[in-house]
Amino acid sequence: MRWARRDNSLFILAVLLPLIAGSIFGVIEQRSSASAPAVNVVNSAKFRQCFDVTNLFIYSTKNSNCPQGYLFLGDGALSESATATGVVEEIHPQLEERFNTARLFAAVDGISLVITSGFRTLQRQEFLYQREVQIRGSESEAAKWVLPPQSSHHPMGLAIDVNYPMDRPGALWLERNGWRFGLCRVYANEWWHFEAVSAPGVKCPPLAPDARVDLAGSQP
Ligand SMILES: [Zn+2]
């Protein structure tokens, strides 16, 4: 009988444990929470990110489609070409959808995310730019903070300011976790400014020093 028990033990060790471990790691491989330590960083666009906004987990898959009921936030960056045609009057819908999804995940961590400035008309951007020129003393200095209307991504519907000016810790959550949703902080001098410059699940590019990097033909 002792042998029989040993055989059973060996059977458990050899067969059942790998199965149990496999099922656990299988779940970890497929599901991740924005707030949890990164147990499985999917750092490639070849994995499609699918969002369960009811149960708040992210499902990574190589399949071309997300399972039914999962939210797909796109598999690319939103660039100026996204608004090359047509009149823009609001935040790009996919940028808004990415932010709304991130907001739900942030709430689990007790973080409140609010867009404090999103789409701006060209007139509004011109006003803000001219005001900044007055404050900073030159167009060059002003453009570090507020771009002229034709260069800013706010009138294109491709930029959002989050939790500005009152809540930097909240924006920091988005800076750390936004890549999961395809949202990135882009300027070193603006902790509040986010754009959809990466695919969901792909790490964000390095910060640009300031907004002048977006001036046509100009580098800071
Ligand atoms: Zn901004």
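Of the 220 residues in this protein, 40% count as buried. Keep in mind as you look around that this is a predicted model. The secondary structure adds up to five helices and eight strands, and if you walk along the sequence you meet them in the pattern α-β-β-β-β-α-β-α-α-β-α-β-β. Take the contacts between residues at least 6 apart in sequence: 58% of these join residues at least 24 apart.

**The zinc site**

Let's start with the metal. Which residues hold the zinc ion? The protein donors are His154 (NE2), Asp161 (OD) and His193 (ND1), and they lie 2.0 to 2.1 Å from the zinc ion. Along the chain, the spacing of these donor residues reads H-x6-D-x31-H. Asp161 belongs to strand E6 and His193 to strand E8, so this pair ties together parts that are 32 residues apart in sequence. Are these two buried or exposed? Asp161 is buried, and His193 is buried too.

**The sheet around it**

Now look at the strands. Four of them form an open sheet, in the order E5-E6-E8-E7, with antiparallel pairing. Strands E5 and E7 stand at the edges with a single partner strand each, so one side of each has no neighbour in the sheet. On average, neighbouring strands of this sheet are turned by 55 degrees against each other, if you ignore direction.

Here are the four strands with their residue ranges:

| Strand | Residues |
|---|---|
| E5 | 115-117 |
| E6 | 159-162 |
| E7 | 184-187 |
| E8 | 190-195 |

Two of the pairings are worth a closer look. E5 and E6 are paired in the antiparallel sense over two bridges, and Ser117 stands opposite Asp161 in E6. That is the Asp161 that serves as a zinc donor. E7 and E8 run antiparallel as well, joined by three bridges. Those two strands make a hairpin with two residues between them, and in that pairing Arg185 stands opposite Phe194 in E8.

A helix joins the picture here: H5 (residues 168-177) lies across E6, E7 and E8, and runs at about 40 degrees to E8.

**Helix H2**

Next, find helix H2, which covers residues 93-108. H2 has 16 residues and reaches 24 Å from its first C-alpha to its last, close to the 22 Å expected at 1.5 Å a residue.

Which residues of H2 are buried? They are Leu95, Arg98, Phe99, Thr101, Ala102, Phe105 and Ala106. These residues cover an arc of only 165 degrees around the axis, which means they sit on the same side of H2. The face turned away from that buried side carries the exposed residues Pro93 and Val108.

What do the buried residues of H2 pack against? Their partners are strand E2 (48-52), strand E3 (57-61), strand E4 (71-72), E5, E6 and H5. So E5 and E6, which you met in the open sheet, turn up again as packing partners of H2. After H2 comes Gly110, with a positive phi near 80 degrees.

**One residue up close: Leu104**

Leu104 has its place in helix H2. Leu104 is partly exposed, with a relative accessible area of 35%. Leaving aside residues up to four places away in sequence, Leu104 touches Val53 and Leu56. For a sense of how the chain folds back, compare Leu104 with Thr54: they are 50 residues apart in sequence, yet 9.2 Å apart in space, C-alpha to C-alpha.

Key
Residues numbered from 1 in each chain as written. Predicted model: local features only at pLDDT ≥ 70, side-chain atom pairs only at ≥ 80, totals over all residues. Heavy atoms only, no water. Donors = N, O, S within 2.8 Å, 3.2 Å for Na, K, Ca; no water. Helix = DSSP H or I, 4+ residues; strand = E, 2+ residues; numbered from the N terminus. Buried < 20%, exposed > 50% of the residue type's maximum accessible area, 1.4 Å probe, protein only. Pairing = 2+ DSSP bridges. Axes fitted to C-alpha atoms, helices over the stretch in contact; angles between N-to-C directions. Contact = heavy atoms within 4.5 Å. Expected span 1.5 Å × (residues − 1). Arc of directions from axis to C-beta.
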